[in-house]
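Welcome! Let us take a short tour of a few helices and of how they pack.

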Amino acid sequence: MGEEGATLALDVRLSILDLAPVSRHESVADSLAGSVSLAQTAERLGFERVWYAEHHNMPTIASSATAVLIAHVAAHTSTIRLGSGGIMLPNHSPLVIAEQFGTLATLHPNRIDLGLGRAPGTDQRTLQALRRDPRVADRFPHDVRELQGYLSGASIVDGVQAVPGAGTNVPLTILGSSLFGAELAAAYGLPYAFASHFAPDLLLQAVRVYRESFQPSAQLAEPFVIAAFNAIVAPTREEAAEMDAVVRRSRIRSFLLRGAAAAESLSDEDLDVLAESPQGRQVLGMMRRSVVGTGEDAALAIDAFAAEASADEVMLAVHGTRADERTRALELLAAARVAAPQPA
């Protein structure tokens, strides 16, 4: 476990992506309580920020009402930055998001981030239930500009202001897993966060395009890259491997058996066989940007990943079978970083 009061000693910034996971043995209330505990631990240990992702109609993820969750966690912490990783902007009007995050920034000054994604974060049927037209994703660049206008107090929509929101200048980040997001973030002079924790294929190419094309803006003078990385961390490699097996089975169940009546009745052996199928290997390959091991293993892997990805910040998607395992992972990583020799 980490030493009381010990904080991270990192060349690269380190932050957390919290999906508010709901395990098979926990309730949604347990998950949300775990998110509070995780953020409090991250704050104590010196992590940069915690972000929450908007997903809908997924029984294993409790962060669908992202702004509400941020408000709750912010009320139970005091200094760490909190934000969305991300808000799926095509699901919302820019004005509503400006009002929500303007309210958060007013209540918690200098602590709120707004990461923006273009994907719906759900399936087509749920998208219809959200009352959104799939074609609105094509308006994403314009909607980002509209949102910027509301938050800066220089609305591009005549006669419409965000109240609260105007003048809060909540910092925006473009999320992506393709060259589209990299090019947009570069053109708008915004930070870029790559979702390499589940879509790693274009990571290096997208970061290169972003850095080469970046145009300074009022928000950001130099390019800034956040790259996501999976982490399963335990006191021993053996325990980490056991946790990894559980996480892999859960992922197979969620991606390949979602909505199937027999999903819960399959044994671990059944899921392991399914994992070896072409579809299973494809699903698990999405998580190949990962570390499974001790705190020391994770510290080394994170540094290597940051160097390879040319990342200014690594955002960890910390996995476990229970909320306390994810909190423990942060403590183990922090202890390893404090104990590691620092560059002269």
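## Before we start

Contact here means heavy atoms within 4.5 Å. Helices are DSSP runs of H or I with at least four residues and strands are runs of E with at least two, numbered from the N terminus.

The model is predicted, so local features need pLDDT of at least 70 and side-chain atom pairs count only at pLDDT 80 or more, while totals for chains, interfaces and linings use all residues. Residues are numbered from 1 along each chain as its sequence is written, and side-chain values use heavy atoms, leaving out hydrogens and water.

## Helix 3 and helix 5

Which residues of helix 3 meet helix 5? They are P94, L95, I97, A98 and G102, and their partners in helix 5 are D143, E146, L147, Y150 and L151. This contact has seven nonpolar residues, one polar and two charged. Here Ala, Val, Leu, Ile, Met, Phe, Trp, Tyr, Cys and Pro count as nonpolar, Asp, Glu, Lys and Arg as charged, and the others, Gly among them, as polar.

## Helix 1

Among the buried residues (under 20% relative accessible area, 1.4 Å probe, protein chains only) of helix 1, residues 28-45, are S31, G34, V36 and L45. Their cover includes strand 1 (13-18), strand 2 (49-52), helix 2 (66-75) and helix 12 (323-339). Just after helix 1, G46 has a positive phi of about 95°.

## Helix 11 and helix 12

In helix 11, G295, E296, A298, A299, I302 and D303 touch L332, L333, A336 and R337 of helix 12. Six of the residues in this contact are nonpolar, one is polar and three are charged.

Definitions and conventions
Buried < 20%, exposed > 50% of the residue type's maximum accessible area, 1.4 Å probe, protein only.
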